[in-house]
Amino acid sequence: MLSQAQSSELVRRLTPDARITVLTGAGISAASGVPTFRGADGLWKNFKPETLATPQAFARDPKLVWEWYDWRRQMIATCEPNAGHHVLASWSRRFPNFRLITQNVDGLHESASAKATARQASPGVIRLHGSIWEVMCWRRCAASPPRWRDDTVPYPQIPPRCPHCGDLIRPGVVWFGEALDPEIVDRAEAAADCDVFITIGTSAIVYPAAGFIDVARRRGAYTVEINPESTPAVVNLALRGGAETILPAIDAQLL
Ligand code: OAD
């Protein structure tokens with residue numbers, strides 16, 4: 001349980017005019033039932049990224065890749081945002097200078113936002129790794145938009161086809177070996193210029209996301225980590241525990 005002494009410095013800094021930036025990873029969705037990537041039951045313990053999450057894997061076996069994404073989409077579709085997502089959604093309304101960067105593709109931050117309808121993309125969330133609820137034409141055909149929402153669960157036919165050209169579609173996520181959208185990286189870098197930077201539920205080893213913690217610290221932010229385990233992140237304050245309990249405890253201390 002979080003003691004007031006542990007979090008008092010953070011709470012003191014969460015003022016109405018503070019520029020607050022939060023970076024989330026898979027751990028924030030763990031209490032919702034979404035598996036993380038690393039750790040005991042992590043996805044990368046049971047599946048090989050190179051056979052499922054690279055453009056080469058898709059080119060080799062699109063059916064296998066889509067079976068895995070279709071399974072994940074079915075699983076995530078049954079998950080609800082937890083207390084951690086809800087606190088962050090309330091902070092995005094409470095603090096005018098609040099920004100949220102996520103590595104997650106599950107859409108649970110958007111679901112938690114009262115303004116957005118379920119799983120809809122919210123402009124407030126900086127999504128570094130895309131969305132599992134978006135797809136793209138594999139051939140980038142001229143008739144299709146760069147990406148579009150597709151909530152079909154499960155797909156009646158795998159691999160699913162582009163409604164515009166009939167070729168394959170692919171998940172709208174960033175795969176290993178692919179570049180992140182430079183505009184989104186720029187937005188995240190700008191968000192790292194803040195007064196308080198809180199990293200939540202990430203192993204802090206995948207870049208560029210992990211690098212934003214250092215950027216924020218170098219620019220003078222007070223840095224905080226919320227995670228039951230220690231990570232390589234260098235922070236001013238480490239709060240050890242689940243986001244679903246720590247965030248509501250901090251929220252309860254705000255005046
Ligand atoms: P990881 O699976 O690497 O790390 C999850 C972190 O969440 C670990 O540090 C856990 O200790 C922590 N954790 C577990 N339960 C928690 C809880 N209840 N509350 C808070 N923290 C908890 O996930 P990410 O760091 O998000 O990339 O992984 C980064 C990227 O690597 C992912 O976006 C994905 C993956 O490969 C792509 O797919 C491109």
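## Close-up views of a predicted model

**View A. Pro-159 sits in the loop between E5 and E6.** The model shown here is predicted. A cis peptide bond links Ile-158 to Pro-159. Its omega is about 0°. Pro-154 is also found in the loop between strand E5 (148–149) and strand E6 (169–173). The bond that leads from Val-153 into Pro-154 is cis, and its omega is near -15°.

**View B. Arg-140 has a positive phi.** The value is near 50°, in a residue other than glycine. Where does Arg-140 lie? Arg-140 belongs to the loop that runs between strand E4 (130–137) and E5.

**View C. Three strands form an open antiparallel sheet.** Read across the sheet, the order is E5-E4-E6. E5 and E6 are the edge strands, and each has a single partner, so one side of each lacks a neighbour in the sheet. E4 and E6 are joined in the antiparallel sense by four bridges. Which residue of E6 is the bridge partner of Met-136? The partner is Arg-170. Helix H5 (residues 62–77) packs on this sheet. H5 touches E4 and E6. The direction of H5 makes about 140° with that of E4.

**View D. Six strands build an open sheet with parallel pairing.** The order is E3-E2-E1-E7-E8-E9. Why is one side of E3 and of E9 left without a neighbour in the sheet? Strand E3 (125–127) and strand E9 (237–239) stand at the edges, and each has a single partner strand, so one side of each has no neighbour there. From one strand to the next, the twist averages 20°.

**View E. Strands E1 and E7 pair in parallel, and helix H8 packs on their sheet.** Strand E1 spans residues 20–24, and strand E7 spans residues 196–200. Five bridges connect E1 and E7. One bridge can be followed by residue: Leu-23 has Thr-199 of E7 as its partner. Helix H8 (residues 182–191) touches E1, strand E2 (98–102) and E3. Between the directions of H8 and E3 the angle is about 130°.

**View F. A shell of 22 residues surrounds the ligand.** Which residues come nearest? They are Phe-37, Arg-38, Thr-202, Ser-203 and Asn-227. By type, the shell divides into nine nonpolar, ten polar and three charged residues.

**View G. Backbone atoms of Gly-27, Phe-37 and Gln-103 approach the ligand.** Phe-37 is one of the nearest residues in the shell. A backbone N or O atom of Phe-37 lies 2.7 Å from a ligand oxygen atom. For Gln-103, a backbone N or O atom is 3.3 Å from an oxygen atom of the ligand. Gly-27 faces a nitrogen atom of the ligand instead: a backbone N or O atom of Gly-27 lies 3.5 Å from that nitrogen. How much of the ligand does the protein bury? Taken alone, the ligand exposes 800 Å², and the protein buries 88% of that.

Conventions. Residues are numbered from 1 along each chain as its sequence is written. This is a predicted model: local features need pLDDT of at least 70, side-chain atom pairs count only at pLDDT 80 or more; totals for chains, interfaces and linings use all residues. Side-chain values use heavy atoms; hydrogens and water are left out. Two strands pair if DSSP finds at least two bridges between them. Helices (H or I, at least four residues) and strands (E, at least two) are DSSP runs, numbered from the N terminus. Axes are lines fitted to C-alpha atoms, for helices over the stretch in contact, and angles run from 0 to 180 degrees between N-to-C directions. Contact means heavy atoms within 4.5 Å. A residue is near a molecule or strand if one of its heavy atoms lies within 4 Å of it. A polar contact is a pair of N or O atoms within 3.5 Å; within protein, one must be able to donate a hydrogen and the other to accept it, and residues adjacent in sequence count only if both atoms are side-chain atoms. Accessible areas come from the Shrake-Rupley method with a 1.4 Å probe; for residues, only the protein chains shown count as cover. Ala, Val, Leu, Ile, Met, Phe, Trp, Tyr, Cys and Pro count as nonpolar, Asp, Glu, Lys and Arg as charged, and the others, Gly among them, as polar.
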